[in-house]
Amino acid sequence: MKKTFASPDSVSGESRDALIDLIYRLADDDLILGHRNSVWTGLAPILEADIAMSSLAQDEIGQAVAYYRLLHDLGEPDPDTLAFTRSAQDYRCASLTLLDRGDWAFSTVRQYFYDVYKTHRLASLSDGTYAPLAQLARKVRGEQKYHMMHSRMWVSRLGDATDESRERMQRSVDTLYGHALGLFEPTPFEQIIADHGFCTTESGLFETWRDEVHSMLDHAGLTIPGDVTPKHGGRRGQHLPELQLLLDEMQQVYRLEPTAQW
Amino acid sequence: MIRCNHVVQNDKLGDPGYEESLAAFEARIAHGDKVEAGDWMPDAYRRQLIRLIHVHANSEICGALPEGGWIPHAPNLKRKLALIAKVQDEVGHAQLLYRAAETLGKSREEMVEELISGKAKYSNVFHYHAETWADVATISWLIDAGAIVNQRMMAEGSYGPYGRALKRICYEEAFHLTHGYDMCITLAGGTKKQHDMLQDALNRWWKPIMMFHGPSDKESRHNEILMKWQVKLKSNDEQRQEFLRQYVPKIYELGLTIPEEWNLRLDEDTGDWHYTEPDWAEFLSVVRGNGPASALRLRTRKMAHVEGAWVREALEVAARDERMPVSVN
Ligand SMILES: [Fe+2]
Ligand SMILES: [Fe+2]
């Protein structure tokens, strides 16, 4: 039985740094992907999908806020400051989340890759030793179950429906697979995180992810590209230029009057 | 999709039995009964309702665009979440309304086609650009307020499915109004730059807002029969007056002004607001597609529709495919 950490005060030193880094990754992935998904509101292929995508974006941004609150409890700035004042290099999101929304197939495949990752991540966090995070993860899992079902449904529907849908989905799988691998980029904190029981290792997560994704894509008539280099860097703050553009867009109004209430 | 299930029967002037059916129909309405989808109704009633609901649905979906464009720029997390939810509601309203119009025999596909081809109209206010964040606040507060005045009234109208959709819609619009008012209060009481932004937005939006409830009763072609059949319970001018009575004092309370040229003044005896009559020729030109943002709105809707065509096609194929392993909802 691992030692549990009931509150922010109970973690210190390198384990605290590791925990903070882990929560930044969770929060930033959700905020940035939620931001990308929110852009579909009003523009999706059918009204029903529009509404569902918008709910997804709201859940993701809402979850990001919850993670930012945990960070704030650990002594980091408040959620709005974290979302609106950091520069790109301070973000810890994976490149998968920050790419522009692309066509519906691109957003669908991205979401599917991310949802499988997140489902397994949350499962591990729920059993983790940092109580506030484990508690939040258990709560988020309830919402995540629906996201996962929804993502699977889209991949399964579009993967094998028409020539065009198959072709678009395959193209997105090819483009996004390396970025998806970037979700599992090793970090210097990995061993500490696992040793303290905050969460499982990235390589452990990756194995469960890979098994599930491969069997699902296979079922949907899609092929996993061979020999793909993982797109790393995001977890270290080395991002594609898209992130800076996204942040400029996101912080545009805020920067007009940074000290004001909005 | 809901298919038209009405049997068209002697529902036009000159058809055998039309006068009797009409008299019974009008008696029901006078009695306060609601007309339901399968009931006998004059063809003219059906057409007017389809026209109104279609325009309303289009306005919701086009109304999602000016504010939706500001989702990526919302200045804090609370506003960001509230704005996404608000725009999502508007899309949901379009969905409800297209469904209500379908009960009268017009398909969603037809309605969408007519919208993107420029044949069908939508509300004048969405033919204008949302230029700054303060425009988002102004739209959410005052346009939604104007919409509530209109929709609360229409919700009491004689066609049941439209009335029920509107009741649900009004419930959500009330949240939008609160969210918009809260944004306006924050900007009005914020820094000078924020206050000026809001005043500037109000200056630009006042004209479309004055036009929002439609042409003056002296000019409106549709009013008389719509009021007789209780599709509409208040005239355009009555709705405009109701809006002004409720919101002009609130606008002044925030330390904002309304542009001089409107000569807004309160008649202390009646409580009515007097104002310079809007240019209704300009209004008509705007709703016919000559507003500053008309071309952009149609282009955006059309692009979304065209780019989504392959998805809709794939969904149809997938729906026929029994191998579908997972289903949702
Ligand atoms: Fe609405
Ligand atoms: Fe609204």
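Reader: What makes Glu90(B), Asp144(B), Glu173(B) and His176(B) the protein donors of the iron ion (ligand 2)?

Author: Their OE, OD, OE and ND1 atoms, in that order, lie 1.8 to 2.2 Å from the iron ion (ligand 2). A donor is an N, O or S atom within 2.8 Å of the metal (3.2 Å for Na, K and Ca), and water is not among the atoms, so sites may look incomplete. This is a predicted model, where local features need pLDDT of at least 70 and side-chain atom pairs pLDDT 80 or more, while totals for chains, interfaces and linings use all residues. Side-chain values use heavy atoms without hydrogens or water, residues count from 1 along each chain's sequence, and chains are lettered from A and ligands numbered from 1 as written.

Reader: Why is the arrangement around the iron ion (ligand 2) called irregular?

Author: The 4 donor atoms subtend angles of 89 to 151°. Four donors are tetrahedral if all angles lie between 85 and 135 degrees; four are square planar, and six octahedral, if opposite donors are over 155 degrees apart and all others between 65 and 115; anything else is irregular. So this site ends up as irregular.

Reader: Which parts of chain B do Glu90(B) and Asp144(B) tie together?

Author: Glu90(B) sits in helix α3 (residues 77-102) and Asp144(B) in helix α5 (residues 133-155), so the pair links parts 54 residues apart in sequence. Helices here are DSSP runs (H or I, at least four residues; strands are E, at least two), numbered from the N terminus.

Reader: How do you know whether Glu90(B) is buried or exposed?

Author: Buried means under 20% relative accessible area, exposed over 50%, and partly exposed in between (1.4 Å probe, protein chains only). Glu90(B) comes out at 5%, so Glu90(B) is buried. Asp144(B) has 4%, so Asp144(B) is buried too.

Reader: What makes Glu90(B) a bridge?

Author: Glu90(B) serves both the iron ion (ligand 2) and the iron ion (ligand 1), which lie 3.5 Å apart. The iron ion (ligand 1) is coordinated at 2.0 to 2.8 Å, with donor residues Glu60(B), Glu90(B), His93(B) and Glu173(B). Glu60(B) lies in helix α2 (residues 43-68) and Glu90(B) in helix α3, so this pair ties together parts 30 residues apart in sequence.

Reader: How are α3(B) and α5(B) packed?

Author: At an angle of about 50°, with their axes 13 Å apart. Axes are lines fitted to C-alpha atoms, for helices over the stretch in contact, with angles from 0 to 180 degrees between N-to-C directions. Under 35 degrees is roughly parallel, over 145 roughly antiparallel, 65 to 115 roughly perpendicular and the rest oblique, so α3(B) is oblique to α5(B). Among the residues that meet are Leu83(B) and Glu90(B) from α3(B), and Val136(B) and Asp144(B) from α5(B).

Reader: Why is α1(A) described as it is relative to α10(A)?

Author: Helix α1 (residues 13-38) and helix α10 (residues 241-256) of chain A pack at about 70°, with axes 12 Å apart. That makes α1(A) roughly perpendicular to α10(A).

Reader: What is the phi of Asp227(A)?

Author: Near 55°, a positive value in a residue other than glycine. Most residues other than glycine have a negative phi. Asp227(A) lies in the loop between α9 (202-219) and α10 of chain A, and its relative accessible area is 83%, so Asp227(A) is exposed.

Technical notes. Contact = heavy atoms within 4.5 Å.
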